[in-house]
Amino acid sequence: MALPYENTTSGEKAVADMQKILQKFGCESFGQMMNWGTGELLIQFEYKGRPVSMKASVNGYAMAWLKEHPYTSRTRGTKADYEKKAKQIASIAVYSILRDWIKGQVMAIETGVLSFEGAFLGNLLLPNGKTMMEHITSQKLLPPPKESAE
């Protein structure tokens with residue numbers, strides 16, 4: 001079965017789309033950066049003085065792709081080459097995933113379904129440079145998830 005976004009080819013176009021969506025929405029700034037060391041795509045923007053920072057894991061998507069398409073003895077090339085292919089697919093897919101997520105959040109705000117803060121709360125940057133989610137997690141403000149009854 002295909003993993004969502006695994007066949008997308010619009011990495012750079014997705015960045016341009018995000019920029020257009022956010023600019024039209026009224027954001028004052030937009031930036032993106034890929035950290036190859038951590039395998040994270042970083043998107044930042046500011047809306048009415050509120051900075052937002054979003055990270056997406058290329059490595060996480062690559063691992064999901066490898067789980068969906070495991071390397072076998074019948075796979076062409078080496079395992080290292082196959083893992084490199086997974087990262088290449090992931091590095092394009094995460095751009096499209098973030099674009100679609102941002103587009104959905106902006107639509108929810110524009111139609112009154114959510115407030116800006118409700119849509120991006122976890123990604124709002126605090127004065128200390130951490131996101132709200134990082135703060136909530138480090139302070140253990142959320143109860144632990146319940147164990148599933150499988």
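What share of the contacts in the protein chain with a separation of 6 or more comes from residues 24 or more positions apart? In this predicted model, such residues account for 51% of those contacts, where contact means heavy atoms within 4.5 Å. Residues are numbered from 1 along each chain as its sequence is written, and side-chain values use heavy atoms, with hydrogens and water left out. Because the model is predicted, local features need pLDDT of at least 70 and side-chain atom pairs count only at pLDDT 80 or more, while totals for chains, interfaces and linings use all residues.

The protein chain holds 5 helices and 3 strands, arranged from the N terminus as α-β-β-β-α-α-α-α. Here helices (H or I, at least four residues) and strands (E, at least two) are DSSP runs, numbered from the N terminus. The C-alpha trace spans about 55 × 40 × 30 Å along its principal axes. Of the 150 residues, 34% are buried; buried means under 20% relative accessible area, exposed over 50%, and partly exposed in between (1.4 Å probe, protein chains only). About 10,000 Å² of the chain is exposed, and carbon and sulfur atoms supply 56% of this area, as computed by the Shrake-Rupley method with a 1.4 Å probe.

Turning to the interior, the largest nonpolar core has 35 residues, and Phe45 and Phe116 have the most contacts inside it. Such a core is a set of buried Ala, Val, Leu, Ile, Met, Phe, Trp, Tyr and Cys residues joined through side-chain atoms within 4.5 Å. The elements giving two or more residues to this core are α1 (11–25), β2 (40–47), β3 (50–57), α2 (58–68), α3 (79–110) and α4 (116–120). Helix α3 gives the most, with 11 residues.

Phe45 deserves a closer look. Phe45 counts as buried, at 2% relative accessibility. Not counting residues up to four places away in sequence, Phe45 touches Leu22, Cys27, Ser29, Phe30, Arg50, Pro51, Val52, Met54, Phe116 and Phe120.

Aromatic side chains come next. The whole structure contains 8 aromatic pairs; rings of Phe, Tyr and Trp (its six-membered ring) pair if their centres lie within 6.5 Å, and planes under 30 degrees apart count as stacked, over 60 as edge-to-face and the rest as tilted. The Phe45 and Phe120 rings form an edge-to-face pair, because their centres are 5.4 Å apart and their planes stand at 80 degrees. Since Phe45 lies in strand β2 and Phe120 in helix α4, the pair ties together parts that are 75 residues apart in sequence. Phe120 is buried, with a relative accessible area of 0%. Trp65 and Tyr82 form a tilted pair, 5.3 Å centre to centre with 45 degrees between the planes. This second pair ties together parts 17 residues apart in sequence, because Trp65 lies in helix α2 and Tyr82 in helix α3. Both Trp65 and Tyr82 are buried. In addition, Phe25, Phe45, Tyr47, Trp101, Phe116 and Phe120 form one aromatic cluster.

The backbone offers two further points. Most residues other than glycine have a negative phi. Lys48, however, has a positive phi near 50 degrees; Lys48 sits in the loop between β2 and β3 and counts as exposed at 63% relative accessibility. Lys140, also not a glycine, has a positive phi of about 55 degrees. Lys140 belongs to the segment after α5 (132–138) and is exposed, with a relative accessible area of 70%.
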